[in-house]
Amino acid sequence: ALGYVRIIVPIIIILLGTVDFAKAVIASKEEEMKKAQTTFVKRLIVGIVVFFVPVIVNIVMDLADIVWAGVYKGCEL
């Protein structure tokens, strides 16, 4: 399921960003452009978090496995 999310989220971000910017260009208002830009940046940040949080969690869990394996071996002596 995580593989699908990593593919779908960037596509959704690009599509929604394109729609927002198109609406702002059609409206020809500077404030609409800034609003669309701010919304797009927020969506990018959320997309990056969705993409990298599982990677960081996997790294932390692998490190925890290494540490606990060392602690366990130390207790056997």
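Tyr4, Ile7, Ile8, Ile11, Ile12, Leu15 and Leu16 come together on the surface as a nonpolar patch, whose joint accessible area is about 710 Å². A patch here gathers residues with over 30% relative accessible area and no salt bridge, joining nonpolar side chains (Val, Leu, Ile, Met, Phe, Trp, Tyr) within 5 Å and like charges within 9 Å. Accessible areas follow the Shrake-Rupley method with a 1.4 Å probe, and for residues only the protein chains shown count as cover. The model is a predicted one, so local features need pLDDT of at least 70 and side-chain atom pairs count only at pLDDT 80 or more, while totals for chains, interfaces and linings use all residues. Residues are numbered from 1 along each chain as its sequence is written, and side-chain values use heavy atoms, with hydrogens and water left out.

One member of the patch, leucine 16, belongs to helix H1, which covers residues 2–27. Leucine 16 counts as partly exposed because its relative accessibility is 38%; the class lies between buried (under 20% relative accessible area) and exposed (over 50%), with a 1.4 Å probe and protein chains only.

Turning to the overall fold, the protein chain has 2 helices and 0 strands. Both element types are DSSP runs numbered from the N terminus, with helices (H or I) of at least four residues and strands (E) of at least two. The C-alpha trace spans about 75 × 25 × 10 Å along the principal axes. The radius of gyration of the protein chain is 21 Å, whereas a compact globule of 77 residues would have one near 11 Å. That radius is taken over C-alpha atoms, and the globule rule is 2.2 Å times the number of residues to the power 0.38. Buried residues make up 9% of the 77 in the protein chain. Of the roughly solvent-facing total, about 6,400 Å², carbon and sulfur atoms supply 74%.

How do the helices meet? The structure holds 1 salt bridge, a contact in which a side-chain nitrogen of Lys or Arg lies within 4 Å of a carboxyl oxygen of Asp or Glu. The partners are aspartate 20 and arginine 43, at 2.6 Å from N to O. Since aspartate 20 lies in helix H1 and arginine 43 in helix H2 (residues 30–76), the pair ties together parts that are 23 residues apart in sequence. Arginine 43 is partly exposed, at 26% relative accessibility.Aromatic contacts add to this picture. A search of the whole structure finds 2 aromatic pairs, defined for rings of Phe, Tyr and Trp (its six-membered ring) with centres within 6.5 Å; planes under 30 degrees apart count as stacked, over 60 as edge-to-face and the rest as tilted. Phenylalanine 21 and phenylalanine 40 form an edge-to-face pair, because their ring centres are 5.7 Å apart and their planes stand at 65°. This pair links distant parts of the chain, with phenylalanine 21 in helix H1 and phenylalanine 40 in helix H2, 19 residues apart. Phenylalanine 21 is partly exposed at a relative accessible area of 27%, and phenylalanine 40 is partly exposed at 23% relative accessibility. Phenylalanine 51 and phenylalanine 52 also pair edge-to-face, at 5.2 Å centre to centre and 85° between the planes. Phenylalanine 51 has a relative accessible area of 33% and is therefore partly exposed; phenylalanine 52, with 43%, is partly exposed. Arginine 6 lies over the face of phenylalanine 51, at 5.0 Å from the ring centre. For such a contact, NZ of Lys or CZ of Arg must be within 6 Å of the ring centre and within 35 degrees of the ring normal.

Two further places deserve a look. Serine 28, in the loop between H1 and H2, has a positive phi of about 55° although it is not a glycine. Serine 28 is exposed, with a relative accessible area of 62%. Glutamate 32 is placed in helix H2 and is partly exposed at 31% relative accessibility. Between the C-alpha atoms of glutamate 32 and valine 71, 39 residues apart along the chain, the separation is 57 Å.
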